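This report describes how selected helices pack against one another and how the ligand is held in its surroundings.

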Amino acid sequence: MTPTQPAKPNIVTPATPADATVTGRLAMVRGAIAATCAAAGRDSGAVTLVAVSKTHPAEAVEEALANGQRVFGENRVQEAKGKFPELKGRFPDLELHLIGPLQTNKVKDAVALFDVIQTLDRPKLAEALAEEMAKSGRRPRCLIEVNTGEEPQKAGIAPAEVESFLADCRDRLGLPVTGLMCIPPVDEEPAMHFALLSDMARRLGLAEVSMGMSGDYETAIRFGATHVRVGTAIFGSRPYPAA
Ligand SMILES: *Cc1c(COP(=O)(O)O)cnc(C)c1O
């Protein structure tokens, strides 16, 4: 490995067949979060595990629920609509996060179903969300997605524009913006992106910082993540591509 290559992903590998269950893997991820928090001098209650259940059936979500998991992430409105209304009926404290791109024609459904929208990534979506929140009376918290790598093909607000976008969302549109999220470029060391996002949230007085996935959530916690979005390490590999 050359020094410029990113660190090896730290995806938890099941040690025994018994660990190759949602129950076993969830326990391992929770253990890793607690250990990382302890080593970083952070309270483990300061980090929320968002279990990313996209492409996995409701039965997998049920197994996580049986183990006390209550916060879940999905990346498609349509798929979430098929799985979660019934589960939310049975588990009123279930909190559902949208972590995938949101088209404006899906805003009505998204506001009705999700408790947190992590992918507020453009002015047009901010307008549509404000309008739907006013209409429905439901106000899911919103996180601004920041394109920390300034990748042209990727969604998100450029770092230099986050402050003015936040002001517009809050002051003009009245959106409940509570934090920032990012998805670092796949071919770069994520640490610098995590540091940038954390720093930006602190400067803007935003309490929630969503960053880190199966391969890098421990790094994200060291850099101040309040929410880590972990799919594969809990539910196993996805049966089909998610997006
Ligand atoms: C799928 C997804 C995740 C989870 O990825 P894993 O590598 O399976 O943990 C996290 N964040 C976003 C935005 C995703 O789309």
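The crossing of H1 and H2 is right-handed in this predicted model. Helix H1 spans residues 22–40 and helix H2 residues 58–66; their axes come within 9 Å and cross at roughly 55°. Angles under 35 degrees count as roughly parallel and those from 65 to 115 as roughly perpendicular, with the rest, unless over 145, classed as oblique; H1 is therefore oblique to H2. On the H1 side, Val22, Thr23 and Leu26 take part in the contact, and they meet Ala60, Glu63 and Ala64 of H2. Sorted by class, the residues of this contact comprise four nonpolar, one polar and one charged.

H2 also packs against helix H3, which covers residues 77–90, at an angle of about 25° and with the axes 10 Å apart. Because of this angle, H2 is roughly parallel to H3. Here too the crossing is described as right-handed, with H2 passing H3. H2 contributes Ala58, Val61, Glu62 and Leu65 to the contact, while H3 contributes Lys83, Phe84, Leu87 and Arg90. Five of the residues in the contact of H2 with H3 are nonpolar, none is polar and three are charged.

A further helix pair is formed by H6 (residues 162–172) and H7 (residues 191–204), whose axes come within 11 Å and cross at roughly 45°. H6 is therefore oblique to H7. The crossing in which H6 passes H7 is right-handed. Val162, Glu163 and Leu166 of H6 make the contact with Met200, Arg203 and Leu204 of H7. This contact of H6 with H7 holds four nonpolar and two charged residues, and no polar ones.

The ligand forms a separate topic. Its surroundings consist of Val52, Lys54, Ile99, Ile183, Met213, Ser214, Arg229, Val230, Gly231, Thr232 and Arg238. Among these residues, Lys54, Arg229 and Gly231 are listed below with the distances that separate their polar atoms from atoms of the ligand.

| Residue and atom | Ligand atom | Distance |
|---|---|---|
| Lys54, side-chain N or O atom | oxygen | 2.7 Å |
| Arg229, side-chain N or O atom | nitrogen | 2.8 Å |
| Gly231, polar backbone atom | oxygen | 2.8 Å |

Lys54 thus places a side-chain N or O atom 2.7 Å from an oxygen atom of the ligand. Arg229 likewise uses its side chain, with an N or O atom 2.8 Å from a ligand nitrogen. At Gly231, it is a polar backbone atom that lies 2.8 Å from an oxygen atom of the ligand.

Terms used. Residues are numbered from 1 along each chain as its sequence is written. This is a predicted model: local features need pLDDT of at least 70, side-chain atom pairs count only at pLDDT 80 or more; totals for chains, interfaces and linings use all residues. Side-chain values use heavy atoms; hydrogens and water are left out. Axes are lines fitted to C-alpha atoms, for helices over the stretch in contact, and angles run from 0 to 180 degrees between N-to-C directions. Helices (H or I, at least four residues) and strands (E, at least two) are DSSP runs, numbered from the N terminus. A crossing is left-handed if the near helix is turned anticlockwise from the far one by less than a right angle, and right-handed if clockwise. Contact means heavy atoms within 4.5 Å. Ala, Val, Leu, Ile, Met, Phe, Trp, Tyr, Cys and Pro count as nonpolar, Asp, Glu, Lys and Arg as charged, and the others, Gly among them, as polar. A residue is near a molecule or strand if one of its heavy atoms lies within 4 Å of it. A polar contact is a pair of N or O atoms within 3.5 Å; within protein, one must be able to donate a hydrogen and the other to accept it, and residues adjacent in sequence count only if both atoms are side-chain atoms.
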